[in-house]
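Biologist: Please take a close look at one part of this model, a single segment and what packs around it. Start from the segment itself and work outwards.

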Amino acid sequence: MKKYIRLFARYLAISILLLTVNSCNSDDDGPVTSDLTITQTLLIETELSTLLEALDLAGLAADLNGTLFYTLLAPDNAAFSRFFNANGFPNGLSDFDTPDEVALLRQILLYHVSEGSVRAENYLSVGAAFFNTLSVESPNGGRLSMFFN
C-alpha cells in the first residue's frame with residue numbers, strides 16, 4: 001500500500017508539471033467541436049495511442065465512448081514516455097500488471113477527466129481556476145482538483 005501511495009504522489013507531481021508544459025500547445029486553434037466520442041477521437045489520433053491503451057487497460061475507454069459529456073486533458077505519447085522514464089516504468093503500460101497498479105493507473109487517468117464540457121477559453125479568460133476531476137484518491141476521499149494559472 002505504501003508503494004501505491006508513493007507512486008501516486010510521484011505521478012501526481014510529474015503529471016501536473018507535464019500538463020503545465022504540454023496540455024495547452026494547441027489552444028490557439030479555436031473551439032473544437034465533434035460528433036465523435038473521446039474514445040472514437042483517440043482511435044484516429046496516432047499521437048494519443050498510449051492514452052487509448054491506458055484507458056482501455058484501466059477500464060475507462062468504454063465509459064468515454066458513451067453518450068455522457070466528459071472533458072479529457074489528453075497527454076500525448078511523448079508525455080507518457082517521459083512519465084514512464086522518469087518514474088521507473090521502462091516497459092511502459094506493461095509495467096502496470098497488478099490490480100493495485102491498474103487501480104493507480106485508473107486514478108491517474110481520472111485525474112485528467114472532468115464531467116461535462118470544459119472549454120480552455122473559460123480558464124484562460126479568468127487567469128486561474130480549478131478543474132474538477134473524477135479522481136477520488138485525495139487524503140479525505142473526495143475528488144481531486146487541478147489548478148490552472
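Modeller: Contact here means heavy atoms within 4.5 Å, and that is the sense in which one element covers another below. The model is predicted. The part I take is helix H3, which spans residues 49-57.

To place the helix first: the chain holds 6 helices and 4 strands, and along the sequence they follow the pattern α-α-α-β-α-α-β-α-β-β. Buried residues account for 38% of the 149 residues in the chain. Of the contacts in the chain with a separation of 6 or more, 62% join residues 24 or more positions apart.

Which residues of H3 are buried? They are Thr50, Leu51, Leu52, Ala54 and Leu55. Residues three or four places apart on an α-helix point the same way, because the helix has 3.6 residues a turn. The elements that cover the buried residues of H3 include H2, strand S1 (70-72), H4 and H5. Just after the helix comes Gly59, which has a positive phi near 75°.

H3 also matters to the count of the nonpolar core. The largest such core has 23 residues, and Leu42, Leu55 and Leu109 are those with the most contacts inside it. At least two residues of this core come from each of helix H2 (38-44), helix H3 (49-57), helix H4 (77-86) and helix H5 (99-110). H3 gives the largest share, 4 residues. In soluble globular proteins, nonpolar side chains tend to be buried together.

Leu55 is a useful residue to follow outwards. With neighbours within four places in sequence set aside, Leu55 touches Leu42, Leu60, Ala61, Leu64, Leu72 and Leu109. Two of these, Leu42 and Leu109, were named above among the residues with the most contacts in the core.

Leu72 takes the picture to strand S1, where this residue is found. Its relative accessibility is 17%, and Leu72 therefore counts as buried, the cut-off for that being under 20%. Beyond its neighbours within four places, Leu72 is in contact with Ile38, Leu42, Leu51, Leu55, His112 and Val113. Leu51 and Leu55 in that list are also among the buried residues of H3. On the other side of the sequence, Glu115 lies 43 residues from Leu72 along the chain, with 9.0 Å between their C-alpha atoms.

Helix H5 reaches H3 by way of Leu105, which sits in that helix. At a relative accessible area of 3%, Leu105 is buried. Its contacts outside the four nearest places in sequence are Ala54, Leu57, Ala58, Leu93 and Phe96. With Ala54, the separation is 51 residues in sequence and 7.6 Å in space, C-alpha to C-alpha. Ala54 is itself one of the buried residues of H3.

Phe96, a contact of Leu105, leads to the aromatic rings. The whole structure has 6 aromatic pairs. One of them joins Phe84 and Phe89 edge-to-face, with 6.5 Å centre to centre and 80° between the planes. Both partners are buried: Phe84 has 9% relative accessibility, and Phe89 has 7%. Ring pairs link these two with Phe80, Phe83 and Phe96 into a cluster.

H4, one of the elements that cover the buried residues of H3, also holds Arg82. With 38% relative accessibility, Arg82 counts as partly exposed. The C-alpha atoms of Arg82 and Gly92 are 10.0 Å apart, with the two positions 10 residues apart along the chain.

H2 also shows two sides. Leu42, a contact of Leu55, belongs to the residues with the most contacts in the core. Leu43, also in H2, counts as exposed at 60% relative accessibility. Together with Leu36 and Ile44, Leu43 forms a nonpolar patch on the surface, and the three have about 320 Å² of accessible area together. For the chain as a whole the exposed area is about 8900 Å², with carbon and sulfur atoms supplying 56% of it.

To return to the starting point: the buried residues of H3 are covered by elements that include H2, S1, H4 and H5, and H3 supplies the largest share of the core.

Definitions and conventions
Residues are numbered from 1 along each chain as its sequence is written. This is a predicted model: local features need pLDDT of at least 70, side-chain atom pairs count only at pLDDT 80 or more; totals for chains, interfaces and linings use all residues. Side-chain values use heavy atoms; hydrogens and water are left out. A nonpolar core is a set of buried Ala, Val, Leu, Ile, Met, Phe, Trp, Tyr and Cys residues joined through side-chain atoms within 4.5 Å. Buried means under 20% relative accessible area, exposed over 50%, partly exposed in between (1.4 Å probe, protein chains only). Rings of Phe, Tyr and Trp (its six-membered ring) pair if their centres lie within 6.5 Å; planes under 30 degrees apart count as stacked, over 60 as edge-to-face and the rest as tilted. Patches are made of residues with over 30% relative accessible area and no salt bridge: like charges are joined within 9 Å, nonpolar side chains (Val, Leu, Ile, Met, Phe, Trp, Tyr) within 5 Å. Accessible areas come from the Shrake-Rupley method with a 1.4 Å probe; for residues, only the protein chains shown count as cover. A salt bridge is a side-chain nitrogen of Lys or Arg within 4 Å of a carboxyl oxygen of Asp or Glu.
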